[in-house]
Amino acid sequence: MASVRNTVALAAGAVVVAVGLTACQSSSDTGRVLDERPAGVEGDDLTVRVPSAEIVFTVGSPVDEVDGVDAPGNGAIVPIGWKVTRQPAGPFAGFTAESEVEVVTDEGSIDLVTIDDESGADAAAWVVVPGNGEDVELRVTYDGVAQTVSTGGESEYGAAAAYYDPAADGIDVPCGATVWKREDLLLECRTTAWVLPHAPDSGWADEGSVYAVVQPRLRLERILDATQRLETVFVQDRSTLDGKAPAVALERGDSGTGSVGGVLVAQVPSGGDHVWQASLGFEITEGARKGEAVALEADLPFRGR
């Protein structure tokens, strides 16, 4: 059986335009994608999440004929649409792989579309499948990991399973207490955490592991009276996730001197509680106290899938 690849270059906001069939075409073999494009598809929605996007496929009811092209006696013509929604920037950017989409049948796979990481749009295709076309299975492969979904309700996400957990969208994690006070010092803390199976620079996490991703936003201030002057400058970060140093250290935050920002990433076991600890050094500049360092710690427990 010949498998025909239909590679669609999707420009942002664009819709793939229908291309007419040749006049002599009156029937089609199974295992191919027709030139003609459905104007729209209504039916069952199947959602697949890859590192760079959420792809929603819509599988319509099978038909016997499309613009003079008849389905073969051993098959049906099924309309399949897809919509690509780029995920919010979140903690990561810079994805460069492609999503390879196939229709899986008893006779083999049919190459449906290749979705580039820099594109996203609505599109659709007519696919000639063996059988009655009532149960359609799709396989989406990204960076070597395949996920399958079907209109029959079966799904297999493999190493990408963590994308279907709420923690993949980011959760607010308490910093132990939202505010620390030490004498006349005030530390404010806000933190977001993600549990993800893939990181752009590292690829998919090892089997049985996920990436614990923490984005703390800290700001240190000193409570002063009107006669005092004080500068607080972030000096260094000694952060750990589950006792291990993350791949990226914190840096000075967007709120200016005394603030901390950045994203910390560490690969951790898939289950159980995980803890971020940070020992943050700040330099306090005020007269004779110039150069004083204040170390502060906080635990951020969050649970992986």
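**Strand pairing, nonpolar cores and the setting of Asp117**

Strand β7 is joined to strand β10 (residues 137–142) by six bridges, and the two strands run antiparallel. Within this pairing, Val104 stands opposite Glu137 of β10. The description given here rests on a predicted model. Strand β7, which spans residues 98–105, also pairs with β8; these two strands run antiparallel and are joined by eight bridges. Glu102 faces Asp111 of β8 across this second pairing. The connection from β7 to β8 takes the form of a hairpin, with two residues between the strands.

A further group of strands was identified. Five strands form an open sheet in the order β1-β9-β6-β3-β2, with antiparallel pairing. At its edges lie β1 (32–33) and β2 (44–50), each of which pairs on one side only. Inside the sheet, strand β3 (residues 53–59) runs antiparallel to strand β6 (residues 75–86), and seven bridges join them. Phe57 has Trp82 in β6 as its bridge partner.

Both members of this bridge recur in the analysis of nonpolar cores. The largest nonpolar core has 43 residues, and Phe57, Trp82, Val103 and Leu112 are those with the most contacts inside it. A second core, separate from the largest one, consists of 13 residues, among them Ala212, Val214, Leu241 and Leu264. When neighbours within four places in sequence are left aside, the contacts of Phe57 include its bridge partner Trp82. Phe57 also touches Asp44, Asp45, Leu46 and Val48, and further contacts are made with Gly81, Val101, Leu138 and Val140.

Asp117 was examined as an individual position. This residue is placed in the loop between β8 (108–116) and β9 (122–130). Asp117 counts as buried because its relative accessibility is 9%, and the limit for a buried residue is under 20%. Two polar contacts of its side chain were identified. The side chains of Asp117 and Ser52 are joined by a polar contact of 2.4 Å, and a polar contact of 2.6 Å links the side chain of Asp117 to that of Tyr142. Ser52 and Tyr142 are also among the residues that Asp117 touches, once residues up to four places away in sequence are excluded. The other residues in contact with Asp117 are Arg86, Phe95, Thr96 and Ala97. Of these contacts, Tyr142 belongs to strand β10 (residues 137–142), whereas Arg86 belongs to strand β6 (residues 75–86).

Methods: Residues are numbered from 1 along each chain as its sequence is written. This is a predicted model: local features need pLDDT of at least 70, side-chain atom pairs count only at pLDDT 80 or more; totals for chains, interfaces and linings use all residues. Side-chain values use heavy atoms; hydrogens and water are left out. Buried means under 20% relative accessible area, exposed over 50%, partly exposed in between (1.4 Å probe, protein chains only). A polar contact is a pair of N or O atoms within 3.5 Å; within protein, one must be able to donate a hydrogen and the other to accept it, and residues adjacent in sequence count only if both atoms are side-chain atoms. Contact means heavy atoms within 4.5 Å. Two strands pair if DSSP finds at least two bridges between them. A nonpolar core is a set of buried Ala, Val, Leu, Ile, Met, Phe, Trp, Tyr and Cys residues joined through side-chain atoms within 4.5 Å.
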